[in-house]
Each structure stands twice: as structure tokens, then as C-alpha cells.
Amino acid sequence: MTPAATRRTNIAGAIITVITVIAAVIWAFPIYWGIVSSFKLEDEVVRPYIELWPEHPTLRHYWFALTQTQIGSWYMNSVATALGVTVLTVSTSLLVGYAISQLRFPGRRALWYLILASFMVPTQVLIINHFVLIANMGLLNTWAGIILPQLIHPVVIIVYKQFFDQVPKEFREAAVMDNASELGILTKIYIPMNWGVTTALSIVTFIWAWNAFLWPFLAVTRTEMMTITVGITQVSDAFGVYYARQLASAVLAGFPVALAYLLFQRRVTQAITLSAGIKG
Amino acid sequence: MADIALQNVSKSFGAVEVIKDISFQVKQGEFVVFLGPSGSGKSTLLRMIAGLESIDRGKLLIGGRECQALAPGQRDVAMVFQNYALYPHMTVRDNMAFGLRNIGMKEKDIAARVADAARILEMDALLDRRPSQLSGGQRQRVAIGRAIVKEPAAFLFDEPLSNLDAALRVRTRVELAQLHQRIAATMIYVTHDQTEAMTLADRIVILNDCRIEQIGTPLEVYTYPASRFVAGFVGSPGMNFLDAEISTSGKEAVATLGDGSRMAMTISVPDGGAYELGIRPEAVQVTTGRGDTTGEATVVENLGDRTLVHTRLNDGTSVIALDGGRSQIAPGDTVTLRFDTSQLHLFDSAGRAYHAD
Ligand SMILES: Nc1ncnc2c1ncn2[C@@H]1O[C@H](COP(=O)(O)OP(=O)(O)OP(=O)(O)O)[C@@H](O)[C@H]1O
Ligand SMILES: [Mg+2]
């Protein structure tokens with residue numbers, strides 16, 4: 001590159017950097033604002049001007065959320081249902097993805113198109129059916145009721161299928177020559193060869209399930225059965241809205257997911273890229 | 001260890017019949033090479049023996065046992081894949097043990113077999129590594145080790161050396177030959193490289209277009225190619241082919257080449273007429289004395305111990321001739337060529353071969 005060209009790209013790079021930083025600030029500010037406000041006194045929160053730092057930092061809202069609400073149960077419910085959704089979704093999708101990718105059986109193609117098609121249907125469209133079904137089954141206000149309709153994640157199947165498709169067929173053939181059973185090929189060759197995908201998919205599925213709101217909101221009416229995303233909407237009482245309290249419980253609700261993001265940053269990015277590549 | 005027999009086997013992919021009614025036998029302990037150009041059906045045939053492709057019709061006998069309907073794992077054969085297919089998440093040791101664990105062998109016996117194989121292949125130091133920590137040659141060795149531990153009736157190799165660099169390929173080829181001598185196992189080896197075939201094989205099965213062109217020892221297929229195809233495929237540099245008009249009387253024949261030169265030979269062909277005359281470069285000598293024809297040298301390849309002289313006869317036909325190591329011939333020179341008529345072959349229009357005495 002000529003020096004002039006280099007300078008041009010440098011300028012372009014600088015402009016892009018500035019734009020990204022501005023975007024990041026715009027995106028991050030509400031989060032910062034929410035966290036900071038949760039440490040403010042209630043009357044500080046409602047002051048009409050921007051204060052970037054609490055005047056009298058306080059933990060009382062956190063204390064309130066932790067002691068005066070059922071946040072413990074909500075956490076518990078969220079952990080149980082999100083784990084349940086993750087384990088069940090990943091393990092079933094794994095089997096379906098493997099079958100469609102590796103086994104030859106009648107109706108394989110039809111099944112595959114069905115899965116692709118189901119991927120086009122937003123869950124919101126089905127939510128009434130889900131509600132009626134789950135209600136008829138008597139599963140409202142139960143973990144099973146929260147979990148079942150959330151097991152539909154065609155994208156996980158699709159990602160698995162694509163990864164299994166990419167495993168060179170010689171591995172399968174070598175394993176067949178090695179007397180491995182179909183289940184052996186799956187569990188000893190295909191899954192271990194694709195651990196990265198499994199971890200990535202587990203993490204995003206967990207985050208989706210943890211963040212789920214609409215369905216758990218419909219499926220649960222009893223406070224002690226609520227997941228944390230639903231529960232925090234209950235942190236107001238008859239005397240009106242307490243912003244700082246709500247924000248404190250929201251921070252508590254988001255904390256595990258934020259932690260997961262931080263711990264598994266690379267895997268999460270990878271998983272989001274994977275599923276985004278398919279979601280298009 | 002056992003002999004392998006294919007009896008009238010056929011195979012179709014969809015509507016296309018790729019293997020048509022093939023029969024042959026591999027003797028116990030024999031090293032047989034399937035040689036042929038790309039798409040000639042070598043891999044398909046090997047995979048049919050392995051069980052990775054089904055056999056539509058015909059029988060496959062391994063050690064006298066009918067195997068065409070058995071699962072691959074039941075056939076008592078081991079396969080070495082071109083890309084090795086080593087399980088990347090397992091150590092070398094586990095790679096070798098995998099197949100043995102699947103048949104429920106005791107860990108103690110497995111350990112003994114793995115140790116044996118490691119000793120034979122001199123790779124004790126590699127046992128706890130992952131495939132990604134091995135060089136290409138070492139991976140190749142592990143792939144062979146994985147086959148050895150099974151103590152199979154036969155080893156099947158599908159182009160096992162094609163992923164190695166030239167020097168390593170030569171070395172591994174020699175090691176394979178030594179391995180075959182040491183464990184005296186039946187081996188079937190697929191390659192499109194005729195040097196590999198010539199150096200390794202007890203017998204070569206030459207395939208073309210999914211048919212067997214010839215089965216024979218390396219020397220047989222080299223000296224007495226059964227067809228025009230075999231003649232052209234085996235040998236490097238390849239055989240020279242010239243159009244010739246043959247007039248024949250009994251065992252004697254006279255060939256007239258395109259440039260008008262004539263030569264007499266002892267050969268039995270049914271009729272006179274147009275044939276293709278084949279002769280290997282080493283049977284065409286550059287001479288200062290009397291010759292059969294003359295040509296103009298176009299390219300001179302000095303190989304040190306010998307010189308390949310590419311010539312053009314005056315009718316435009318190319319002929320490669322052999323000269324000694326310190327050849328003085330330069331491109332553009334006119335050279336006299338003498339054909340060793342005892343090493344001539346004639347091919348009729350159907351590709352059938354006739355050999356001179
Ligand atoms: N799964 C398949 N489906 C359809 N046709 C196939 C299949 N496998 C091989 N063939 C066809 O069978 C023929 C023989 O193929 P094969 O792979 O045995 O050739 P090859 O001699 O091993 O060639 P190469 O040297 O390229 O490996 C080819 O014409 C190929 O197109
Ligand atoms: Mg092949």
C-alpha cells in the first residue's frame with residue numbers, strides 16, 4: 001500500500017472505531033444506569049436530572065429483594081427449569097440431528113423439512129395452543145409445565161445436523177470397522193468430536209431459557225412457582241412502583257446470565273454466530 | 001490370516017452398475033495391489049471386501065467363510081484409510097484399543113496387543129499422544145497400528161501413502177514391504193501410483209473402467225501387458241505407441257511405420273492390417289550404427305545414469321528412446337533409433353495385445 005492509501009485506511013479505521021465506541025456507550029448506558037440506580041435511594045431515583053453516581057449508596061433494595069420477596073424460590077425455579085430445558089433440548093436435538101445426518105431411514109427427508117419448517121413458526125403463534133395443552137394436562141404452575149413448551153428449538157437440531165454432516169465419513173466407517181454400535185459411534189466418536197458445539201449450544205439454550213418471559217409468565221400464577229424473570233415483575237406493592245427495588249431485583253435476575261457470558265465468552269460468541277448463521 | 005475370494009461379484013450405485021461380475025482370488029499371505037486410474041473402481045472393490053459397500057450379487061469368501069452378508073466388523077479384516085481417520089479426541093493408545101474394547105476384550109490383553117503393535121511399528125513413545133500431536137508419517141503408522149492390533153485375516157489399504165510427501169512416501173513404502181514380510185499377512189492395497197504397485201505387489205490387479213484388465217506379477221504386467229490399456233498404464237516413462245501396418249506370414253511379421261521404415265519381427269497375429277505397435281523406451285536405443293529409423297531429438301532428459309531422448313519421427317510420431325548416462329545428444333540433433341524387436345507388442349483395434357518373441 002502507498003502511504004496515502006495507508007493513511008486513508010487509518011482514517012476509515014478511526015471513524016469506525018469512534019462509531020463503535022459511541023454505539024457501545026449508547027447500548028451500555030441503560031445497563032449502567034440501571035445498576036447505579038439500584039444503589040440509590042428511592043427519592044434519588046426519581047429526581048429529574050441525571051446523576052451518574054448515587055449520592056448515598058445503599059444496599060437496602062438488594063436486602064429487600066433478598067429478604068422480603070420470594071427471590072430464593074424464583075432463582076430455584078429458574079435454575080431448575082433452565083437446566084431442564086437445556087439438558088432435554090440439547091440431548092434430544094443431538095439425537096435428532098445425528099439421526100437426520102447419519103442414518104438412512106424412510107421419511108428422513110420429510111422429517112428434516114418439517115424441522116426446517118417448524119423453525120419458521122414463531123413460538124408466540126403457538127402459545128395459546130401450548131397454554132390450553134398444558135392446562136389440560138394439569139401442568140400449570142409446575143416446572144414441567146414451564147419446561148415442556150420450551151423444548152422446541154429447531155435451530156439446535158439444525159446446528160447439530162450441520163456439524164455431524166461435516167464429520168468426514170471415514171470416521172464413521174473406521175468405527176464401523178472397529179465393531180462400534182450405532183450408539184457407540186454417537187457417544188464415543190461424534191459427540192466427543194463435537195464437544196465445542198455441545199457446550200456452545202448448551203450455554204445459549206440455558207441463556208434463552210433463563211431469559212424466557214412470555215411463556216413462564218402465562219404458565220405460572222402462583223408467586224412461589226415463578227421464574228425469576230416473572231418474579232421480578234412482582235416487586236411492587238399496593239403503594240406504587242419502587243424503581244430502585246425493581247432495578248435491584250432485575251440486577252439479581254440478570255446476574256447469573258451475565259456471569260455465564262463472562263465465563264464462557266468465547267463459546268457464547270461462537271454459539272451465537274452458529275445459530276445466527278442459520279437464523280440468517 | 002486367510003485367503004480371499006471374490007466370485008462373480010457385482011455392484012450398482014442406483015442404476016449404474018459399477019462393478020460387473022468380477023472374480024479373483026488372493027492367496028494367504030499375498031500382497032495384492034489394485035491398480036488403476038481414478039474412477040476405475042479400486043476403492044469400491046476394496047470397500048466391498050471391507051463391507052463398507054454392499055455386494056449386490058456374487059460371493060465373497062474370506063478364509064473360506066462366506067462374508068458378503070456380514071457386517072464390516074464381523075469380517076475379520078482391518079482397513080487403513082487414506083486420511084487415516086484417527087479419532088482426534090483419543091490418544092494413540094485409545095485409538096488402537098477402541099476396536100478391541102468394542103468386542104469386549106480384556107484390558108490386559110488389549111494392553112499386550114497395543115504394546116506388541118507399538119513395538120513392531122517402533123512407536124512406543126507416541127502412545128499417549130493425540131493424533132494432532134503427530135506428524136503425517138506417524139499418523140500413518142498409528143493407522144497401521146490400529147489395524148495390526150486386531151490381528152485380522154487381511155489388511156485393506158486405500159491409498160495409504162497419498163497424503164505423505166515424496167520422500168516419506170518412499171520410506172513408508174519400504175517399511176510397508178518389510179511389515180508385510182514380518183507379519184506375513186494377507187494385504188490388499190489400492191493405489192493409482194504404478195511405482196507403488198510395482199514395488200509392493202506380489203500380484204497386481206489392474207482395473208480400468210471397473211473391469212479387471214489383467215492380473216499378474218509386476219514383471220508379467222510389465223513385460224506382457226494383456227491389453228493396450230495395461231501397456232500404456234504401467235511403466236514410467238510410458239510405452240511408445242506407433243501406428244503400424246502389419247503384413248504377416250506364420251510366426252513372422254513385417255511392420256511398416258508411418259514414416260515408411262520397416263522392421264521384421266517374430267510375432268503371431270491372426271491377420272495383417274493396421275495395428276498399434278508398442279515398445280518401451282528401454283527397447284529403443286539411440287545408436288551410431290545401423291538403425292530402424294531416424295528421428296529429430298526434441299527434448300533431452302538427463303537422468304544421470306541414463307538419458308531419455310524424446311524424438312520426433314519424420315511423420316510426426318513421438319518416440320522416447322533411451323541413451324546412456326553421458327549422452328552428447330542435444331535437442332535438434334538427428335538420431336538413429338534401433339528397435340529391439342524381441343520386446344515389441346502389437347495391439348489390435350480392440351486393444352488386445354500380441355507379444356513378440
Ligand atoms: N457412492 C457412490 N455413488 C455413486 N457412484 C459412486 C459411488 N462411489 C463410487 N462411485 C462411482 O464408482 C466408480 C468407481 O469409483 P471408485 O471410488 O471405486 O474409484 P477409484 O478407482 O477408487 O478412484 P480414485 O483413484 O479416484 O479413488 C466411479 O465411476 C464413481 O463415480
Ligand atoms: Mg479411491
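Which side chains meet in a salt bridge at 2.6 Å, N to O? The views below come from a predicted model, and the first of them shows this pair.

**View 1. Salt bridge between E173(A) and R47(B).** The side chains of E173(A) and R47(B) meet at 2.6 Å, N to O. Across the interface of chain A and chain B, two salt bridges are found. Polar contacts between chain A and chain B number 10 residue pairs, both residues at pLDDT 80 or more.

**View 2. Helices of chain A on the side that touches chain B.** Helix 9 (169-177) and helix 10 (182-193) of chain A each supply at least two residues to this side. Helix 9 of chain A gives the most, with eight residues. By class, the side of chain A that touches chain B holds 10 nonpolar, one polar and five charged residues.

**View 3. Contact area of chain A and chain B.** In this interface, 16 residues of chain A are in contact with 23 residues of chain B. The two chains bury about 1,700 Å² between them, with 64% of it on carbon and sulfur atoms. M177(A), D178(A) and N179(A) lose the most area to chain B in chain A, together 42% of what that side buries.

**View 4. Domain 1 (4-226) and domain 2 (240-355) of chain B.** The centres of the two domains, taken over C-alpha atoms, are 39 Å apart. Six residues of domain 1 are in contact with seven residues of domain 2. Between them the domains bury about 480 Å², 50% of it on carbon and sulfur atoms. The side of domain 1 that touches domain 2 has five nonpolar, one polar and no charged residues. Zero salt bridges are counted between these domains, alongside three residue pairs in polar contact, both residues at pLDDT 80 or more.

Technical notes
Residues are numbered from 1 along each chain as its sequence is written. Chains are lettered from A and ligands numbered from 1 in the order in which they are written. This is a predicted model: local features need pLDDT of at least 70, side-chain atom pairs count only at pLDDT 80 or more; totals for chains, interfaces and linings use all residues. Side-chain values use heavy atoms; hydrogens and water are left out. Domain bounds come from an automatic or database domain assignment. Contact means heavy atoms within 4.5 Å. Buried area is the accessible area (1.4 Å probe) that two parts lose on being put together, summed over both. A salt bridge is a side-chain nitrogen of Lys or Arg within 4 Å of a carboxyl oxygen of Asp or Glu. A polar contact is a pair of N or O atoms within 3.5 Å; within protein, one must be able to donate a hydrogen and the other to accept it, and residues adjacent in sequence count only if both atoms are side-chain atoms. Ala, Val, Leu, Ile, Met, Phe, Trp, Tyr, Cys and Pro count as nonpolar, Asp, Glu, Lys and Arg as charged, and the others, Gly among them, as polar. Helices (H or I, at least four residues) and strands (E, at least two) are DSSP runs, numbered from the N terminus.
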